[in-house]
Amino acid sequence: MQSLYKSRFIDVVLIISSLYSIYFIFHKFSGGKIPFWDFHVYYCGAEYYLKGLVPYGDSSLGILKDCLNPNILLTVNNSPLALEILKFLALINFSNAKFIWIILEFFSILIIYYVFGKIFFKQILDYKYFLLFIFSFSGITFVNFWGGNISIILYGILSLGIYALVKKNSSIFFFVIFFISIIKFYLLVFLLIPFLMDSKKYSYRIFLTILIYFLISYIFAKYNPEITKIYFNEVFVNLNDVVRKDSGTGTFSIIEKMPNVIYSLFNDGNLEFSFKTNIIFWSIFLFFLIVPIFTILNSKKYKNKDIRMKFSITMGILIAMLSIPRLVSYDLIICLPVIFYLITQLNINKNKIMFFDIKNILFLSILIIHDHHYPFFMVILLISLFIYSEFYKKKLFIY
């Protein structure tokens, strides 16, 4: 396996960053934070739902308070359809369910690491790749493991689906997309991968997967109208308020914050666009991002199936990250190997600054810049370089 970078200095920084991430998480827990806090919410919500009660809104606060640790101040926001699956957690006692959850998380991280290592790097037994995957960007993988969010498990399942797609077993991939989208509907966006890979071949199955998802959702809503109505009123319809309080990191977050940022430079007070207006800007941005990527990958240069497959996966995942309305750090775990791969494929090593080449500078930056917006910036940078390179024939990437 070709080394990701060549610098003893970065090796030292990588080790220091890894130790800092370990210190950070244990310091966080010593301050009263509860490990695997999201799992606690899933379990309590599932227990409430299994009893035939509604786990949304003010009426749910009492039992959730009794079930949850006092230091966990989170509410249930899973859809009723997702709760139909998660309710089986409550059939197991809390300790055993938590143990199973932790094991699933652990193996999901290993699966993501293994699958993308095999796809992009052929071999995975490299300590640099492993430590970068676990501890880069302020320890995204390591820290979010302790959060216990279901997204880590879902991305592990998605990785298996992508691997099946690479191995020409697309049926598994589309089933995986359907399954994980039941838990989190926005994961349908990863249908971009087969669309970019071969739109003619997969368009029908992409359409069919989306159709089946909405059909199942409609049937469930029709036979469970009360809880569906409460969910939309208490959670989904109030998404506008939720986004503004906890907007995460991503395209939608930046779009909704920009009017207020610009307005505050010249005036007192706040300026906010409506949720619908932000959605329109968000959609336009993604349209003008997807079209050039699709055009590039359908050019003659990408007739080689292996090259097109790899860049379809990388661009599909990175665009998916930009598409997620409320992008949170645990969503970025699956794009870490993609970022590493694209950096190693950069063809700009001759442009050196001191004793570092550009690749080493980028790897160093993901270790020393501890800002939750930086992974988003890296995604934008790599997509922009790819589009610029292909349209202006700059050959910034190795194929």
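Let's start in the middle of things, with helix H8: the cover over its buried residues includes helix H4 (80-86), H7, H9 and helix H10 (199-223). Keep in mind as you look around that this is a predicted model. H8 is mostly covered, with 10 of its 14 residues buried. Those buried residues are Ser170, Phe173, Phe174, Val176, Ile177, Phe178, Ile180, Ser181, Ile182 and Ile183. As for its span, the end C-alpha atoms of H8 are 21 Å apart, which agrees with the 20 Å that 14 residues should span at 1.5 Å a residue.

Pick out one residue of H8 and have a look around it. Serine 181 belongs to this helix, and its relative accessible area is 0%, so it counts as buried, the cut-off being under 20%. Which residues does serine 181 touch, leaving aside its neighbours within four places in sequence? The contacts are Leu187, Leu188 and Tyr213.

Now step back and take in the whole protein. There are 18 helices and 0 strands in its secondary structure. Of the 399 residues, 52% are buried. If you take the contacts with a separation of 6 or more, 73% of them are between residues 24 or more positions apart.

Two of those helices, H5 and H7, are a good place to see packing. Helix H5 (residues 94-121) packs against H7 at an angle of about 35°, and their axes are 8 Å apart. Their crossing is left-handed. On the H5 side, the residues that meet H7 include Trp101, Leu104, Ser108, Ile112, Val115 and Ile119. On the H7 side, the residues that meet H5 include Ile152, Tyr155, Gly156, Ser159 and Tyr163. A bit of background helps when you look at a helix side-on: an α-helix has 3.6 residues a turn, so residues three or four places apart point the same way.

Tyr155 also brings us to the aromatic rings. How many aromatic pairs does the structure hold? It holds 42 aromatic pairs. In one of them, tyrosine 155 meets phenylalanine 190 edge-to-face, at 6.0 Å centre to centre and with 75° between the planes. This pair links distant parts of the chain: tyrosine 155 is in helix H7 (residues 150-166), while phenylalanine 190 is in the loop between helix H8 (170-183) and helix H9 (192-197), 35 residues apart. Are these two residues, tyrosine 155 and phenylalanine 190, buried or exposed? Both are buried.

Another pair takes us towards helix H18. Phenylalanine 386 and phenylalanine 397 are also edge-to-face, 6.0 Å centre to centre, with 70° between the planes. Phenylalanine 386 lies in helix H18 and phenylalanine 397 in the segment after H18, so this pair ties together parts that are 11 residues apart in sequence. Both phenylalanine 386 and phenylalanine 397 are buried.

H18 itself covers residues 374-391, 18 residues in total, and reaches 26 Å from its first C-alpha to its last, close to the 26 Å expected at 1.5 Å a residue. Its buried residues include Tyr374, Pro375, Met378, Leu382, Phe386, Ser389 and Glu390. Just after H18, lysine 393 takes a positive phi of about 50°.

Rings have charged company too. The charged end of lysine 33 sits over the ring of tryptophan 37, 4.4 Å from its centre. Lysine 87 does something along those lines with phenylalanine 88, lying over its face at 5.8 Å from the ring centre.

Two more residues round off the tour. Isoleucine 22 is part of helix H1 (residues 8-30), and with a relative accessible area of 32% it is partly exposed. Its C-alpha atom is separated by 8.2 Å from that of valine 143, 121 residues apart along the chain. Leaving aside neighbours within four places in sequence, isoleucine 22 is in contact with Phe135 and Phe142.

Threonine 228, for its part, is found in helix H11 (residues 225-236). Why does threonine 228 count as buried? Its relative accessibility is 12%, and buried means under 20%. Not counting residues up to four places away in sequence, threonine 228 touches Pro80, Phe220 and Ala221.

Conventions
Residues are numbered from 1 along each chain as its sequence is written. This is a predicted model: local features need pLDDT of at least 70, side-chain atom pairs count only at pLDDT 80 or more; totals for chains, interfaces and linings use all residues. Side-chain values use heavy atoms; hydrogens and water are left out. Helices (H or I, at least four residues) and strands (E, at least two) are DSSP runs, numbered from the N terminus. The expected span of a helix is 1.5 Å times one less than its number of residues. Buried means under 20% relative accessible area, exposed over 50%, partly exposed in between (1.4 Å probe, protein chains only). Rings of Phe, Tyr and Trp (its six-membered ring) pair if their centres lie within 6.5 Å; planes under 30 degrees apart count as stacked, over 60 as edge-to-face and the rest as tilted. A charge sits over a ring if NZ of Lys or CZ of Arg is within 6 Å of the ring centre and within 35 degrees of the ring normal. Axes are lines fitted to C-alpha atoms, for helices over the stretch in contact, and angles run from 0 to 180 degrees between N-to-C directions. A crossing is left-handed if the near helix is turned anticlockwise from the far one by less than a right angle, and right-handed if clockwise. Contact means heavy atoms within 4.5 Å.
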